[in-house]
Amino acid sequence: MLRYTARRLLLMSITVIGMVTVVFFLLRAIPGDPASYMLGDYATEESVAALKAELGLDRPVWEQYLGFVKRALTGDLGTSVVTGQPAFDEVLESIPWSAALSVSGIVIAVLAGVPLGVMSAVRHGTFADLFIMFGALVGISFPVFWVGLVCILLLAHEVRLFPALGASSSTDFFTQVHHLMLPALVLGFSVAAYIARLTRSAMLEVLGQDFVRVARAMGVPERRIVYRLALRNALIPVLAVIGVTFAWSLGSAILVEAVFSRPGLGSMILKAVFARDYQLVQAGVFVLASAVVLVNTSLDIVYGWVDPRVSVS
Amino acid sequence: MRKTFGALALILSAALIGTSAGAAELRVRIGSDVGNLDPARIFGIENQTVASHVYNGLVKYDQATNKILPDLAESWSVSEDGTAYTFKLRDGVMFHKGYGQLTSDDVKFSLERVLNPDTKSRYAGQLAGVKGVEAPDPLTVRVVLEAPNAGLLNKLTDFNQGWIASRKAVTEIGDKQYAMQPVGTGPFVFDKWSPGNQVRVVANKDYFGGAPSLDAVTFRIIKDETAAAIALENGEIDVFFALQSPPVIDRLKKADGVTVMNRVANHTINLVLNQTVKPLDDIRVRKAIAYGINREALIAGYFKGTKAPGHSVITSSFPEYTEEVPQYAHDPEKAKALLKEAGQEGFELELITVGLSPYNELVIPMASDLEKVGIKTKITVLERGAYLQARGKGDIMTCITGIVGPPDPDSPLVSLYATKSFPPGMNTSRYDKADDLLASASAEQDPAKRTAIYQQVMSQTMEDVPVLPLYADQLFMAHSSKVKGLVQNSLFTVQAYTVSLEE
């Protein structure tokens, strides 16, 4: 178990380093650079060259990379060329927004997706199953920004239950929660659809197995069979997939953030890419990749505890 | 499950009670995040809007008429030969956050900082021709020019390079860090930037023009225009700045308790024809293109009437505006005849534009118009960096460009028509017949005569059509009925100083 955990942690740091490296080189492969972006329409070749030299962009890319790694190892992720502030500061400002949205989205998704999936499997073939699976299909196939806009129109405009803006300037906790609810529901809906489908197929598989038939034959109550025997086994693949959905929800979160005008890591990175603010993108991707890998690794470790067969392989 | 819903309902009801109205705080929608509020390096309407609350210039434009009025300078005089401007500063103007009284040294510092190549200011060119800035006493500033320039005041208005920063603040905060910690003398004090969410400025109770009626202004970042419209209708914001989408404009015009304002901007969006590329060197071909493109239909169709016609590159928001210039109403027959006369039937015109809406879309109806008069067209859409690079090299056949800026006639005219703006400048057409007129306008101290010279430039350049104005941009914004006293300027910023809120 200890060796398994250690290996996962090692793999985790390699993944993060790999991600940041890929992003570092990808960014520099995009046409356009921070210097010409900042100097704009009236830039002369000399002024762009001078600014590039000041930013160190005139040196070979591998040299820039070594410099970046050296600074990153001392905990310095650089200064945003646009704002002149440390890049990590802006990332830190965005983390709570992203974390609140993703975590509440996932919680809603699990709370809704697992019971609905179970219900669908237990009532396999009935109208309820059809209805839930149709809802799940809608959740998976309709783009989250469209669902978001429709929700704003219906729940923030026609029926004014929620604010149209997904963020508030207020520091009041309940106001913030009120603003968060609609975006979290929209994000949760799309993830719930995925989880419900997965839970349903996992449950159907488990319910068809011999030990369930044996339990039924022995007269174990149906409730106990579904929730104690089948669900616990069916949850193992679901648990593993929640880690993947977390990364996926961070991706969808960018769209949700855009529709609901919410700050967050996703929209921050997007803004930084457009401004060719290399340092900000790198710092953002570093944190985002770390979060995804961290969640997946911890789930892998938990998975190892739940299912001892995993650590052997 | 039932428990969960109960808890959710509890939170919801608590949240509804939790929303409270505070002091007089104006909430303004901006379309994207701010990032740099340093006058030497600032760009983008969101940054400029926030900065215009924090800073003053030596002089300012009247928001409604674009006339130049005193701001930090109480009065000014011009030397007889027109090469020295002496400004008398207002006494007792204090910088925000305890950075002391404004003196001539701060003005000298601010202007010299823009001129200093080490600053790498994008506005150094705006102050080209300034030989030096002198501060003979704490309340006197003298700007010395290499040659007379009657347009200098336009360069020193409260916009971009004209905004005055505190020497002490920039030095203590740091040249780069200053970008998001601005210190000015304006009606509002920079309070806090929450990245991706909002920027807040609070009233400067000691403002020399009198304290603003508002206590604070929050600029909320709302990208989507439909979401912003709903937020305005719901009362979550008070002012919808940078309203562009025709369907949203239409929607808000019909909404209750919402006023939509619009004003012609200081710029036109133009098709620049490179005269050094054959057959665009032939004036008949350029005129054929002008007659061939149905600009009226572009405005009425694509823009749903949300733009104004562009008669020359000087829009109706300039005091120098005139319509007494050669006009090119849509006339496909005339276009065909001109092409036949020039012996250029069926040549290929490459329409090059940046990959940003609406430019990458409006080239399509333009191309279809041109195909109808027998010009083959090829549309090339470039990513912004690549576009700037291609335009900087200057060998592209056409490009689509607007000169966004203050109502300073030199700004579009010199940028588009002077030989000193040859690529990498904005004169991608390489038009070379306006230099003498532009120089005499600069030297002319009499405003009426100067206006006449500018109008001569406009008619000459519209006769030669190196640059075809497609439309004059029009700026929309909307506000709720609570907002009183909002004046829309033509700079595409929103200024909250004159605003008050009524319940």
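## Around F240(B)

Let's start with one residue and work outwards. Leaving aside residues up to four places away in sequence, F240(B) touches R29(B), A228(B), A229(B), L232(B), M477(B), A478(B) and H479(B). Keep in mind that this is a predicted model.

F240(B) also has a place in a bigger picture: together with V28(B), F240(B) has the most contacts inside the largest nonpolar core, a set of 231 residues. The top contributor to this core is α8(A), which gives 19 residues. Domain 1 (2-73) and domain 2 (87-306) of chain A each put at least three residues into this core. As a rule, nonpolar side chains in soluble globular proteins tend to be buried together.

## Chain A at a glance

Chain A is a helix-only affair as far as helices and strands go, with 13 helices and zero strands. Taken along the principal axes, its C-alpha atoms fill a box of roughly 85 × 55 × 35 Å.

How much of chain A counts as buried? The figure is 43% of its 313 residues. As for contacts in chain A between residues at least 6 apart in sequence, 73% of them join residues at least 24 apart.

## Two domains in chain A

Chain A splits into domain 1 (2-73) and domain 2 (87-306). Their C-alpha centres lie 32 Å apart. Where these two domains of chain A meet, domain 1 puts in 16 residues and domain 2 puts in 16 residues.

On the domain 1 side of that contact, α1 (2-29) and α2 of chain A each supply at least two residues. Which element gives the most to this side? That would be α1(A), with twelve residues. By class, the domain 1 side has eleven nonpolar, three polar and two charged residues.

## Where chain A meets chain B

The contact between the chains takes 48 residues from chain A and 45 residues from chain B. On the chain A side, the elements giving two or more residues are α2 (34-39), α3 (45-55), α5 (87-122), α7 (144-158), α8 (173-207), α10 (222-259) and α11 (265-274).

The largest share of that side comes from α5(A), and it amounts to five residues. Sorted by class, the chain A side has 24 nonpolar, 16 polar and eight charged residues.

## The eight-stranded sheet of chain B

Over in chain B there is an open sheet of eight strands with mixed pairing, in the order β8-β9-β10-β1-β11-β16-β12-β15. Why do β8 (188-194) and β15 (398-401) of chain B each have one side without a neighbour in the sheet? Both stand at the edges with a single partner strand, so one side of each is left free of a neighbour. On average, and ignoring direction, neighbouring strands of this sheet are turned by 20° against each other.

For β15(B), the partner is strand β12 (residues 258-273) of chain B, and the two pair in the antiparallel sense over four bridges. To find this pairing in the structure, look for L271(B), whose bridge partner in β15(B) is I400(B).

## A hairpin in chain B

Strands β4 (residues 73-78) and β5 (residues 84-89) of chain B run antiparallel and are joined by five bridges. S75(B) stands opposite K88(B), which belongs to β5(B).

The two strands β4(B) and β5(B) form a hairpin with five residues between them. In the turn, G82(B) has a positive phi of about 75°.

## Backbone oddities worth a look

Chain B has a cis peptide bond between K278(B) and P279(B), with omega about 0°. P279(B) sits in the loop between β12 and α8 (283-292) of chain B. Another cis peptide bond joins S357(B) and P358(B), where omega is about 5°. P358(B) lies in the loop between β13 (348-354) and α11 (359-372) of chain B.

Then there are positive phi values outside glycine. R276(A), which is not a glycine, has a positive phi of about 55°, and is found in the loop between α11 and α12 (278-306) of chain A. Is R276(A) buried or exposed? R276(A) is buried, because 24 other C-beta atoms lie within 10 Å, and the cut-off for buried is 20 or more. N66(B) has a phi near 65°, again positive in a residue other than glycine, and belongs to the loop between β2 (59-61) and β3 (68-70) of chain B. With 19 C-beta neighbours inside 10 Å, N66(B) counts as partly exposed.

How values were computed
Residues are numbered from 1 along each chain as its sequence is written. Chains are lettered from A and ligands numbered from 1 in the order in which they are written. This is a predicted model: local features need pLDDT of at least 70, side-chain atom pairs count only at pLDDT 80 or more; totals for chains, interfaces and linings use all residues. Two residues are in contact if their C-beta atoms, placed from the backbone, lie within 7 Å. Ala, Val, Leu, Ile, Met, Phe, Trp, Tyr, Cys and Pro count as nonpolar, Asp, Glu, Lys and Arg as charged, and the others, Gly among them, as polar. Domain bounds come from an automatic or database domain assignment. Two strands pair if DSSP finds at least two bridges between them. Axes are lines fitted to C-alpha atoms, for helices over the stretch in contact, and angles run from 0 to 180 degrees between N-to-C directions. A residue is buried if 20 or more other C-beta atoms lie within 10 Å of its own, exposed if 12 or fewer, and partly exposed in between; C-beta atoms are placed from the backbone. A nonpolar core is a set of buried Ala, Val, Leu, Ile, Met, Phe, Trp, Tyr and Cys residues joined through C-beta atoms within 7 Å.
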